[in-house]
Amino acid sequence: MGDYKVPELSEFTEIPALQDGSMSHSSPFVAGPEYQEPLGFPGELVEDWHDKAIGRFGDLLTKSRALRVYLDSCVRCGACTDKCHYFLGTGDPKNMPVARQDLMRKVYRRHFTFAGKWLPWLVGAEDLTEEVLDDWYSYFHQCSQCRRCSVYCPYGIDTAEISMAARDIMDHIGKGQKYCNEIIAKVHTVGNNLGLKGPALANTLEGLEEDIEDETGVKVRLPLDEKGADILLVTPSADFFAEPHVDGLMGYAKVFHQAGVSWTISSYASEAANFAMFIGSYEQMREVALRIRKAALDLGVKRLVFGECGHAWRVAYSFLNTLAGPWDFLDQNYPIPQHICEFTNDLIEQGALKFDKSANDHMTLTFHDSCNVARATRMGNKPGGQFEIPRAIARAVCNNFVDMAPETIREGTYCCGGGGGLLTDDLMELRVKGAKPRMDALNQVVQNDGVTHMIAICAICKSQFSKVFPEYGMEMDQVVSLHQLVGNAIILDGQETDGEINDETEDGAAPAETEE
Amino acid sequence: MAYQLNGTTFEADEEGYIKDISQWSRELAELIAEDENITMGDDHWEVVNFLRQYYEEYQIAPAIRVLTKAVKKSMGPEKGNSKYLYELFPYGPAKQACKIAGLPKPTGCI
């Protein structure tokens with residue numbers, strides 16, 4: 001898998017010695033015409049790419065006041081320099097957030113500020129040369145848009161917005177990224193990132209129903225396209241396909257079953273993820289989000305619940321209303337949209353779920369806050385709910401839970417290393433190195449507290465850790481879904497047990513409808 | 001990139017997934033596997049054949065659980081788990097086995 005060295009773990013993540021240009025070779029596959037054109041982007045680098053790029057840049061500046069403020073307001077204080085996981089893992093100074101921003105800022109100054117137009121040498125203004133464009137392509141694909149740096153920036157400069165804008169400009173001149181654009185086009189045609197069509201989805205869900213029945217003796221349904229269901233579950237398609245994601249999906253199904261609610265998955269909107277956010281395209285993001293609206297209307301649901309997916313929850317929580325609202329046709333007594341963790345936690349707080357926590361006793365767990373959930377959303381009705389609610393669920397279903405070092409979790413959480421459209425095989429070196437800060441913190445609780453597994457609530461995090469854990473000497477199945485643990489511990493009415501657990505309800509009794 | 005077999009060129013994408021899935025043959029599969037440092041044994045073939053059969057019906061590779069279940073049925077419970085599948089295809093049964101089976105790469109958060 002390439003000739004690079006996997007970083008050595010340390011007790012604390014230290015600021016690495018600078019290695020100039022050490023990641024300048026890292027660059028994802030460029031999207032060919034077959035992936036560009038379906039999104040309305042030019043198939044290949046256009047001849048007048050420079051003028052087109054500056055033109056698009058100008059458009060973005062008029063549309064986004066924030067972008068201009070971010071480009072104007074940096075005072076080079078240095079607070080962000082050691083905050084990026086990719087810098088900490090690679091030592092490449094261009095992965096310092098300020099340096100990444102400067103790749104765009106210098107072009108901004110040259111074309112959009114008075115001083116930069118007339119005295120470029122005085123203000124660090126530079127032309128968008130071919131070399132600069134190559135740097136853009138390389139280093140704006142070494143930002144996972146996790147926004148950790150913005151937490152520490154005294155001006156709140158959001159590097160994610162800058163990297164999204166840069167990717168949007170590159171898309172518009174024909175230099176898009178294959179991974180993201182192929183996936184977005186697939187959502188438009190098939191309904192999900194995977195390209196999983198209705199019959200395959202139905203077959204997969206049937207198989208999962210069989211598995212749950214084999215395991216518990218209870219018929220738990222995973223309904224597809226059921227009109228009139230109360231809840232539409234929108235979940236990342238990885239939940240249907242990969243491990244440990246699918247264990248989480250079975251966990252949601254058990255919770256819905258036990259809550260006695262009617263729910264359904266939609267084959268038309270079988271994807272929570274919205275990769276259009278990663279490429280900074282509002283138009284694409286809206287088109288993807290509108291699928292959810294159409295599915296909700298067609299199926300006549302009353303509620304919208306999102307599964308475990310980090311950036312999906314950002315799009316849902318922060319943008320869904322402007323993208324695809326108004327949601328006046330849904331039941332206003334419930335949060336619109338609602339996170340599966342909120343749904344489960346409400347039931348736990350009401351005492352409506354019973355657990356056998358010992359089902360998770362073979363593990364000692366810790367929780368990885370996913371960047372988009374941690375820094376761009378909330379859960380529940382109290383500040384910090386996005387940190388507390390998943391942990392409350394973990395503690396309700398597991399006996400052994402330990403947090404990692406405080407500066408590496410909650411709003412200071414490190415990205416898994418694969419977010420923001422970088423979870424692709426052609427960026428494996430970046431992904432492995434970028435995981436180092438999280439791996440350092442995890443290794444500490446493994447060594448000191450006997451942690452065996454790490455919980456994630458994001459499809460990207462789960463896939464990323466399954467892939468990079470073995471590089472750091474761990475097993476791929478040491479990352480687990482939160483609802484996998486819920487699914488392990490939940491006691492379903494009528495469940496076959498080992499005889500140790502007292503099941504109070506009668507065999508075959510219908511589950512009680514639970515008010516929330 | 002491209003594969004050369006008996007004087008014929010088979011076009012593939014940057015990662016070695018063949019572009020025209022109808023061009024697939026057992027010989028080509030063995031060549032792709034060789035590129036991946038895999039020697040095809042009976043168990044590898046069993047998986048590859050199942051993938052192709054599933055693809056024919058559903059136009060996508062099977063989910064990992066569907067695959068492990070099928071393997072369990074045909075090869076027994078000690079082999080019907082993702083650990084064993086990763087032994088056969090160290091870079092992942094979904095991606096690496098798909099490449100050898102001549103199927104498109106599954107995309108997304110996987």
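How many residues of domain 1 of chain A are in contact with domain 2 of chain A, and how many does domain 2 contribute in return? Some notes from going through this one, bearing in mind that it is a predicted model.

1. Straight to the opening question: the contact between the two domains of chain A involves 17 residues of domain 1 and 14 residues of domain 2. On the domain 1 side, the elements giving two or more residues are α9 (148–152), α10 (159–172) and α11 (178–189) of chain A. If you want one helix to look at, pick α10(A), which gives the most to that side, with 5 residues. By class, the domain 1 side has 9 nonpolar residues, 6 charged and 2 polar.

2. Now the bounds behind that. In chain A, domain 1 is assigned to 33–183, while domain 2 is put together from 185–402 + 451–489. So you can place them when you turn the model: the centres of these two domains, taken over C-alpha atoms, are 32 Å apart.

3. On to chain A as a whole. I count on the listed elements here: 23 helices and 7 strands. The C-alpha trace spans about 80 × 50 × 40 Å along its principal axes. The radius of gyration of chain A is 23 Å, which agrees with the value near 24 Å that a compact globule of 516 residues would have.

4. Still with chain A, burial and contacts. Of its 516 residues, 54% count as buried. Among contacts in chain A with a separation of 6 or more, 79% are between residues 24 or more positions apart.

5. Chain B also comes with two domains in the assignment: domain 1 covers 2–35 and domain 2 covers 42–100. Their centres, again over C-alpha atoms, are separated by 20 Å.

6. Last, the contact between the chains. Here 16 residues of chain B are in contact with 30 residues of chain A. Which element of chain B gives the most to its side? That would be helix α3 (residues 64–75) of chain B, with 4 residues. The chain B side as a whole is made up of 8 nonpolar residues, 4 polar and 4 charged.

Technical notes
Residues numbered from 1 in each chain as written. Chains lettered and ligands numbered in written order. Predicted model: local features only at pLDDT ≥ 70, side-chain atom pairs only at ≥ 80, totals over all residues. Contact = placed C-beta atoms within 7 Å. Nonpolar A, V, L, I, M, F, W, Y, C, P; charged D, E, K, R; others polar. Domains from an automatic or database assignment. Rg over C-alpha atoms; globule rule 2.2 N^0.38 Å. Buried ≥ 20, exposed ≤ 12 C-beta atoms within 10 Å, placed from the backbone.
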